[in-house]
Amino acid sequence: RQALTTMSVLKIFGVMPSQPVRAVVWACTMKGLPYELVPVMPGSRKEGGSKAPEFLAMNPAGTVPVINDNGFILGESCAILTYLAQKHSWTDLYPAQLEARAKVDQFLHYHHRNTRQLTIQLFAPFARPDLGLKADRKGLDTIVSTVDAMLSRNTFVAGSQMTLADIVAYTELGQCTPQMCDIFDFTPYVHVTRWLDTMKQVPGHDEVHSMKPIPKFFAMIKQQSQEARSKL
């Protein structure tokens, strides 16, 4: 009992519109792991920003999320998710069986230069005007087709059960749907569409996606993207 009282609650640094932050918060919410969300604005050099000196001292990469787990500092959402899963024995989300875990890891590695691109090419141009990006669909249909092929073989991204791979993938793809930001049409991809509907029923989905400032922020992205399309 004394050991428990000296343990500090997990701190997650970042903001909820960030997809990697949202993935970590969703996993913690789903598993009932207490946490404190410490606001850190991505890209900002001001106090409370990810490029501010005090944050860079903690994470030289200057990205979110970062966690402080009782003094242990860790960045990169996929590393954080697998760390928490192993520490807390979340074997439903990160299987103990070697081959099943390897399939989850395979997607987490694939994610960085693939499903993550939907955010970089479609979401970030509106959400992060400071980056000077323009919305660009190039290559995205190939990526979504690949995920669709994965889901044609299994109920979930990495197999027959929902895992960390699905949480990570959904934070990128789910935000693109008409109900959220409306920036990509998944209609031609029947397996992805089925999976998106399934993921909406996962515990913690509604709670996490209603956290401030997500609804207002997504509405802003939706309006801006619709205005941009109307000018084409």
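The following exchange explains how terms are applied to a predicted model.

Me: What rules apply to local features, side-chain atom pairs and totals in this predicted model?
Reply: Local features need pLDDT of at least 70, side-chain atom pairs count only at pLDDT 80 or more, and totals for chains, interfaces and linings use all residues. Residues are numbered from 1 along each chain as its sequence is written, and side-chain values use heavy atoms, with hydrogens and water left out.

Me: Why does Asp148 count as buried or exposed?
Reply: Buried means under 20% relative accessible area, exposed over 50%, and partly exposed in between, with a 1.4 Å probe and protein chains only. Asp148 has 11% relative accessibility, so Asp148 counts as buried. This residue belongs to helix α7 (residues 140-153); helices (H or I, at least four residues) and strands (E, at least two) are DSSP runs, numbered from the N terminus.

Me: What does Asp148 touch, not counting residues up to four places away in sequence?
Reply: Contact means heavy atoms within 4.5 Å, and Asp148 touches Tyr189, Val190, His191 and Val192. Asp148 and His191 are 43 residues apart in sequence, yet their C-alpha atoms are 5.4 Å apart in space.

Me: How do you know that the span of α2 agrees with its 13 residues?
Reply: The expected span of a helix is 1.5 Å times one less than its number of residues. For α2 this gives 18 Å, and the end C-alpha atoms are 18 Å apart, so the two agree. Twelve of the 13 residues of α2 are buried, among them Trp26 and Cys28. Just after α2, Gly32 takes a positive phi of about 70°.

Me: How do you know where the buried residues of α11 fall, seen down its axis?
Reply: Helix α11 (residues 214-230) has Ile214, Phe218, Ile221 and Ser225 as its buried residues. The arc is that of the directions from the helix axis to the C-beta atoms; here the buried residues fall within 60°, so they line one face of the helix. The face turned away from the buried side carries the exposed residues Lys216 and Ser230. The buried residues pack against α2 (19-31), α6 (117-127) and α10 (205-209).

Me: What makes β2 and β4 stand at the edges of the sheet?
Reply: Two strands pair if DSSP finds at least two bridges between them. Four strands form an open, mixed sheet in the order β2-β1-β3-β4. β2 (35-38) and β4 (72-75) each have a single partner strand, so one side of each is left without a neighbour in the sheet.

Me: How do you know that β3 pairs with β1 and is joined to β4?
Reply: At least two bridges are needed. Strand β1 (residues 10-13) and strand β3 (residues 66-69) have three bridges in the antiparallel sense, while four bridges join β3 to β4, also antiparallel. Both pairs therefore meet the cut-off. Ile67 in β3 is the bridge partner of Ile12, and Asp69 stands opposite Phe72 in β4.

Me: What makes both faces of β3 covered?
Reply: Val66 and Asn68 on one side, and Ile67 and Asp69 on the other, are all buried. Helix α4 (residues 77-87) lies across β1, β3 and β4, running at about 135° to β4; axes are lines fitted to C-alpha atoms, for helices over the stretch in contact, and angles run from 0 to 180 degrees between N-to-C directions.
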